[in-house]
Amino acid sequence: VFASTRGVILNPNVELLFNGTDLRNFSLNYKLVPRNTTEAGKIKNIIDAFRRNMLPSFAKSGDMTFSEGTNLANNFIRTPNVCKVTFMRGGVRNPDVPQYKMCAITNVEINYTPDGTYATYGDGTMAAYGLALSFQETKLIFAEEVTKY
């Protein structure tokens with residue numbers, strides 16, 4: 001329309017300068033080595049907690065009840081939980097490490113051979129676990145917030 005009426009066109013280079021922004025993604029990798037059966041159980045609980053919280057769940061019966069008493073919970077699922085990742089130094093946030101807004105866990109990977117060899121204790125518990133967690137922030141970071149995040 002502009003080309004035919006005014007003899008000008010939209011500058012295509014402007015689109016190259018800024019075409020939106022993506023939410024930040026980041027990963028954390030841990031090697032977990034239990035020293036005894038109690039610690040092995042705690043490591044399994046940690047792994048299960050991350051796996052459980054990255055997945056959707058079934059809606060509860062009270063979540064979707066209409067005034068007529070019709071329950072629609074069987075037709076819906078609840079979104080996965082979100083979490084807050086904060087790097088600490090003692091009892092306060094570490095100002096030397098980037099901080100993050102609320103995040104969704106996007107992937108949980110468990111490596112049962114982090115040292116490259118299958119090794120277990122006598123009860124079958126793994127000698128070491130590799131835990132890789134991937135996250136995505138749920139809100140954008142703006143230039144005015146760069147010192148906080």
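**Helix 3 packing**

I began with what the buried residues of helix 3 pack against: strand 1, strand 7 and strand 8 (129–137). I note that this is a predicted model. The buried residues of the helix are Ala40, Ile43 and Ile47. I looked down the axis of helix 3 and found that these buried residues fall within an arc of 60 degrees, so they line one face of the helix.

Next I turned to the face pointing away from that buried side. There I listed the exposed residues Thr38, Lys42, Asn45 and Arg52.

I then checked the length. Helix 3 runs over residues 37–53, which is 17 residues. From first C-alpha to last it reaches 24 Å, close to the 24 Å expected at 1.5 Å a residue.

I also looked at the start of the helix. A side-chain oxygen of Asn36 comes to within 3.1 Å of the backbone nitrogen of Thr38. Thr38 is also among the exposed residues on the face turned away from the buried side.

**Aromatic pairs**

I asked how many aromatic pairs the structure holds. The count is 4. I looked up Phe26 and Tyr100: their ring centres are 3.7 Å apart and their planes stand at 15 degrees, so the pair is stacked. Phe26 sits in strand 1 (residues 25–32) and Tyr100 in the loop between strand 6 and strand 7, so the pair ties together parts that are 74 residues apart in sequence.

Buried or exposed, I asked of Phe26? Its relative accessibility is 9%, so I entered Phe26 as buried. Tyr100 has 12% relative accessibility, so Tyr100 counts as buried.

I then looked for a wider grouping. Phe26, Phe87, Tyr100 and Phe135 form one aromatic cluster.

**Lys101**

I moved on to Lys101. Where does Lys101 lie? I found Lys101 in the loop between strand 6 (92–93) and strand 7 (103–111). Its relative accessible area is 11%; buried means under 20%, so Lys101 is buried.

I asked what the side chain of Lys101 reaches. The partner is the backbone oxygen of Leu140, at 2.9 Å.

I listed the contacts of Lys101, leaving out residues up to four places away in sequence. They are Cys83, Lys84, Glu137, Lys139, Leu140, Ile141, Glu145 and Tyr149. Leu140 is therefore in my notes twice, as a contact and as the residue whose backbone oxygen the side chain reaches.

Last, I took one C-alpha distance. Lys101 and Thr86 are 8.8 Å apart in space and 15 residues apart in sequence.

Note on methods: Residues numbered from 1 in each chain as written. Predicted model: local features only at pLDDT ≥ 70, side-chain atom pairs only at ≥ 80, totals over all residues. Heavy atoms only, no water. Helix = DSSP H or I, 4+ residues; strand = E, 2+ residues; numbered from the N terminus. Buried < 20%, exposed > 50% of the residue type's maximum accessible area, 1.4 Å probe, protein only. Contact = heavy atoms within 4.5 Å. Polar contact = N/O pair within 3.5 Å; in protein donor to acceptor, adjacent residues only side chain to side chain. Phe/Tyr/Trp six-rings, centres within 6.5 Å; stacked < 30°, edge-to-face > 60°. Expected span 1.5 Å × (residues − 1). Arc of directions from axis to C-beta.
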